[in-house]
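Open the model in your viewer and keep the sequence panel visible. The tour below goes from one selection to the next and says what is there.

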Amino acid sequence: MTEHSPATPEVREPLPATPRTPLIAGNWKMNLDHLQAIALVQKLAWGLSDVRHDFSAAEVAVFPPFTDLRSVQTLLAADKLSLTLGAQDVSPHESGAYTGDVSAAMLAKLDVSYALVGHSERRHGHAESDEIVGLKARAAHTAGMVPMICVGETAEDLEQHGAAAIPLAQLTAALAQLPADAEFVVAYEPVWAIGSGQAATPEQAEEVALALREHLRDLRGDEIAARTRILYGGSVASQNIAGFMRQPNVDGALVGGASLKVDEFTRIIQFQKHVTAG
């Protein structure tokens, strides 16, 4: 039998040095009415003002329920607050007989900058396919918003396919619906970590984030791969955020329950102080 030398792994040129502004996003899920939303945003703005947060060094976005968006938008505009507004979902349809759906055009009129698409709670709880996620991403882009494409594997997926296989396939499907020049954010959320209190390790998050970025090189080229922000989500807390943000390919966090606690969310947003001190 002829012996074969082990294959030499492909050596790729480094990506262009492109600064990526960190993004800390708070997904409120189905919590808070519009009055509670106003109170939370006011407290958050005051807290960030007290610690002199630099929004150019770390962007902060909040994703309230649909019923809160107008109230939060009015507050942000009236008080000239630097928080960015996001929506938790968007319809793939422009308009029409789609009871309960909210179109991208409606959200854009509310100064919504980001729209979550493909969150695991939509994929699994509402049976949203990869194709639907891609169509939602395209609808958000067409209306001038940035889709935040959520990808992630279940515990079963992790055991059967490894950490990166499912997220890469989900990203491929979503990007198939987006124009080549579209801006987007990727949020890697291992389903087994969401709400469990057991976050992935920083090394696990970096492994998948790096795989996603290398996959973006193949799908969209070096420039887009270098500039696209990849977030980690799943039981993010002030105690672990610094570890994630030290990773070269993790550019922020999609925060769930902790974003409803102003003091805790403020500490997460101030991750740079922890990273420097660490």
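Start by selecting α7 and α8, whose axes come within 10 Å and cross at roughly 35°. Axes here are lines fitted to C-alpha atoms, for helices over the stretch in contact, and angles run from 0 to 180 degrees between N-to-C directions. Helices (H or I, at least four residues) and strands (E, at least two) are DSSP runs, numbered from the N terminus. This is a predicted model, in which local features need pLDDT of at least 70 and side-chain atom pairs count only at pLDDT 80 or more, while totals for chains, interfaces and linings use all residues. Residues are numbered from 1 along each chain as its sequence is written, and side-chain values use heavy atoms, with hydrogens and water left out.

Stay with this pair: the crossing of α7 past α8 is right-handed. A crossing is right-handed if the near helix is turned clockwise from the far one by less than a right angle, and left-handed if anticlockwise. To see the contact (heavy atoms within 4.5 Å), show P167, L168, L171, T172 and L175 on α7. On α8, show V208, A211, L212, H215, L216, L219 and R220. These residues of α7 and α8 divide into nine nonpolar, two polar and one charged. In this count Ala, Val, Leu, Ile, Met, Phe, Trp, Tyr, Cys and Pro are nonpolar, Asp, Glu, Lys and Arg are charged, and the others, Gly among them, are polar.

Now select α7 alone, residues 165–175. Which residues of α7 are buried? They are P167, Q170, L171, A174 and L175. Because these buried residues cover an arc of only 125° around the axis, they lie on the same side of α7. The arc is that of the directions from the helix axis to the C-beta atoms. Buried means under 20% relative accessible area, exposed over 50%, and partly exposed in between (1.4 Å probe, protein chains only). Next, show what the buried residues of α7 pack against: α4 (120–125), α5 (130–142), β5 (146–151), β6 (185–188) and α8 (202–220).

Move to A180, in the loop between α7 and β6. Is A180 buried or exposed? A180 counts as exposed, at 59% relative accessibility. Leaving aside neighbours within four places in sequence, A180 is in contact with R220 and I224. A distance label from A180 to R220, C-alpha to C-alpha, should read 6.8 Å, although the two are 40 residues apart in sequence.

Next, select α1 (residues 34–50) and α2 (residues 69–78), which pack at an angle of about 30° with their axes 9 Å apart. This angle makes α1 roughly parallel to α2. Angles under 35 degrees count as roughly parallel, over 145 as roughly antiparallel, 65 to 115 as roughly perpendicular and the rest as oblique. The crossing of α1 and α2 is right-handed. Their contact is made by H34, A37, I38, V41 and Q42 of α1, together with S71, V72, L75 and L76 of α2. By class, this contact of α1 with α2 has six nonpolar, three polar and no charged residues.

Keep α1 and add α11, residues 262–269. The axes of α1 and α11 come within 10 Å and cross at roughly 45°, so the two helices are oblique to each other. α1 passes α11 in a right-handed crossing. Show L40, K43, L44, G47 and L48 of α1 and V262, F265, T266 and I269 of α11, which make the contact. By class, the contact of α1 with α11 has six nonpolar, two polar and one charged residues.

How many of the eight residues of α11 are buried? Six are, so α11 is largely enclosed by the rest of the structure. The buried residues of α11 are V262, E264, F265, T266, I268 and I269.

Zoom in on L48, in helix α1. L48 counts as buried, at 2% relative accessibility. Leaving aside neighbours within four places in sequence, L48 is in contact with H53, F55, V60, L83, T266 and I269.

Finish with two loop residues. L32 is in the loop between β1 (23–27) and α1. Phi of L32 is near 80°, a positive value in a residue other than glycine. L32 counts as partly exposed, at 27% relative accessibility. S235 is in the loop between β7 (230–233) and α10 (241–245). S235 is not a glycine, yet has a positive phi of about 60°. At 21% relative accessibility, S235 counts as partly exposed.
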